[in-house]
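Biologist: I have the chain open in my viewer and would like to walk through it with you. Could you take my questions one at a time?

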Amino acid sequence: STDLAAVIAEMDADANEVSGGSGLRHGIGPNLCQVGMHVCLAFLIGVSLRLVLLPEALMADASKPSNVDFLTFFGISKALFGLVGGNLADLIGRKRTCLLGWTLGIAQVPVLWLGYEYNSTALLNVGNILLGSMQGVTWGVNIICLMDILGPQGRGMASALSNAVGYAGSALAAPLAAHIVAVTHHVTICLVALAVSTSLGLLISALAQDTQRWAPTAKVEDGPEAGCPRPKFAVASETQALCSLAGYTLNCSTALVWGAALIWIKGPGGFSIEGAGALESWFTANKVAAMLMSGCVSYYCGRPQTVAAASLCVVALGLSLLCMQAHAPPAGWPLLLTSTAMIGLGTGGAYPALAAAVTQGVPDASRASVYGAYRMWRDFGYAGGGFASRMNSSSFERTSLLVCVGAVVVAVVFCSRLVLVPLLRRRGDEASDGRTEMASPRTPAAEGSSHLGSNEDDEDSDEPSDASSDLPCGQGRGP
């Protein structure tokens, strides 16, 4: 907590500068009220997530292949509406988009109640689609709002703060929701709490300011001559593609813990419903702690890609331990707690780092759209994890092994592209320069003009250099 306070104080000192002539200052200190509102919104988003998904997982029938369909519907809708929310945030403003998301959250409550009351799978799936839509719009825009307020250097901290507070709400709601389901065998109380949390979210969103005031170049001006941000529907660079692939893998592993693992734990694993809820809370608590640490590390060292690569390796190791647990259930709690803790730490460490990496050098006018496209591909991982669990519904061991192999492959690709390829390219350039100098000696004047031309070529290159690719947020190449 002392290190986090020091990071926040230093960030306020560095980012406490006037924003583009708008008269507003970046940082937490000068905007404490607005930051507090968005932190409260993140907390409510996390609570609403757990009040829906955890009861569904705990009440699912482990003998049916459709027991994890809720993750597939949730994941697809969250991914698509994450993209829609990012583009709408650039087109109509952050506040209006956030109000739309919370309205979708309120609409899911009666649909879910009717689904449970009449035992209708179709209505429950519609409720999961509305939950994913609400989560995709509100959480993505919440992070963008904090990025606007904290400024370019605080983008990694903005993602860490929003995700950490949101998943802290999930961790607090998980044991309560599990206890309610175990005692009442119904979800009425959870739905009442969901209605209260979404209504509060809509009220706070109405009171908050539109954070485009802190990023004036992102504001869309009226009139036919005004430039309109171009919606982003696909990744625009190799870095964004790698970050999207890594995010997809992270959410696949999260879906494994949220769905198949919980169903296996309360079935063949032999644990109680309260034990499953406690395990989910343990996983989320480790995720929150890693998010805060990752935000601090990314801010201090300014190398989000390195943090993300290390976190992916931790996730792969945690998944391998979970495979061992699935293969030998008598291993009990120690191995299960260790594996879920490692998956939580790795996932939490990568979330803020990937968000910072994907928005490096992106202009204000298209930052929300670019981040929305990244979230879309990342959140498809929920659907991918749910689909893998459904295809291997009779064997949790096969499901966990499949996701583990995928995580190892992605970690190897991410790390090799981050370290080996730039290193080999740099050595090749050095060797090429050495052979050129030996073959054609130059005068000092010619050398000076040659170096100048080389620098110009480097600046026009589409591929960022190693130094700029790992700079802190907003300090890399680009506008």
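Modeller: One term before we start: a residue counts as buried when its relative accessible area is under 20%, as exposed when over 50%, and as partly exposed in between. Tyr 382, with a relative accessible area of 1%, is therefore buried. Please also keep in mind that this is a predicted model.

Biologist: Which residue does Tyr 382 form an aromatic pair with?

Modeller: Its partner is Phe 74, and the pair is tilted, with 5.5 Å from centre to centre and 55° between the planes. Phe 74 belongs to helix α3 and Tyr 382 to helix α12 (residues 364-391), so that the pair links parts of the chain that are 308 residues apart.

Biologist: Is Phe 74 buried or exposed?

Modeller: Phe 74 counts as buried, because its relative accessibility is 0% and the cut-off for buried is under 20%.

Biologist: How many aromatic pairs does the structure hold?

Modeller: There are five of them. One of the others joins Trp 377 and Phe 380, whose ring centres are 6.0 Å apart and whose planes meet at 50°, so this pair is tilted. Both residues lie in helix α12, three residues apart, which is about one turn of the helix. Trp 377 is partly exposed, with a relative accessible area of 37%.

Biologist: Which residues form an aromatic cluster?

Modeller: Trp 139, Tyr 167 and Tyr 351 form one. Tyr 351 also has charged company, since the charged end of Lys 287 sits over its ring at 4.9 Å from the centre, and Arg 378 lies over the face of Tyr 351 at 4.5 Å from the ring centre.

Biologist: Let me step back to the whole chain. How many helices and strands does it have?

Modeller: The chain has 15 helices and zero strands. Of its 479 residues, 53% are buried, and the accessible surface comes to about 19500 Å², of which 66% belongs to carbon and sulfur atoms. Among contacts with a separation of 6 or more, 83% are between residues 24 or more positions apart.

Biologist: What span does helix α11 have, and what should it be?

Modeller: Helix α11 covers residues 333-358, and its 26 residues should span 38 Å at 1.5 Å a residue; the end C-alpha atoms are 37 Å apart, which agrees. The helix is mostly covered, with 21 of its 26 residues buried. Helix α3 (residues 69-91) can be described in a similar way, as its 23 residues reach 33 Å from the first C-alpha to the last, close to the 33 Å expected.

Biologist: What comes just after α3?

Modeller: Gly 93 is found there, and it takes a positive phi of about 110°. Asn 119 has a positive phi as well, of about 50°, although it is not a glycine. Most residues other than glycine have a negative phi. Asn 119 is found in the loop between α4 and α5, and it counts as exposed because its relative accessibility is 68%, with the cut-off at over 50%.

Biologist: And where does Pro 110 lie?

Modeller: Pro 110 lies in helix α4 (residues 94-117), where it counts as partly exposed at 46% relative accessibility. Pro 110 and Ala 195 are 85 residues apart in sequence, while their C-alpha atoms are 9.0 Å apart in space.

Biologist: Which residues does Val 314 touch, leaving out those up to four places away in sequence?

Modeller: Val 314 touches Met 342 and Gly 346. Val 314 itself is found in helix α10 (residues 304-327) and counts as partly exposed at 30% relative accessibility. From Val 314 to Val 408 it is 9.8 Å, C-alpha to C-alpha, with their positions 94 residues apart in sequence.

Biologist: Last topic, then. What pLDDT does the chain average?

Modeller: The average is 75, and 68% of the residues score at least 70. Over residues 14-21 the pLDDT is below 50, and this stretch has 21 contacts in the model beyond near neighbours in sequence. Residues 218-232 also stay under 50, and for them the model has 25 contacts beyond four places in sequence.

Methods:
Residues numbered from 1 in each chain as written. Predicted model: local features only at pLDDT ≥ 70, side-chain atom pairs only at ≥ 80, totals over all residues. Heavy atoms only, no water. Helix = DSSP H or I, 4+ residues; strand = E, 2+ residues; numbered from the N terminus. Buried < 20%, exposed > 50% of the residue type's maximum accessible area, 1.4 Å probe, protein only. Contact = heavy atoms within 4.5 Å. Areas by Shrake-Rupley, 256 points an atom, 1.4 Å probe, with all protein chains shown as cover. Expected span 1.5 Å × (residues − 1). Phe/Tyr/Trp six-rings, centres within 6.5 Å; stacked < 30°, edge-to-face > 60°. Lys NZ or Arg CZ within 6 Å of the ring centre and 35° of its normal. pLDDT = per-residue confidence, 0-100.
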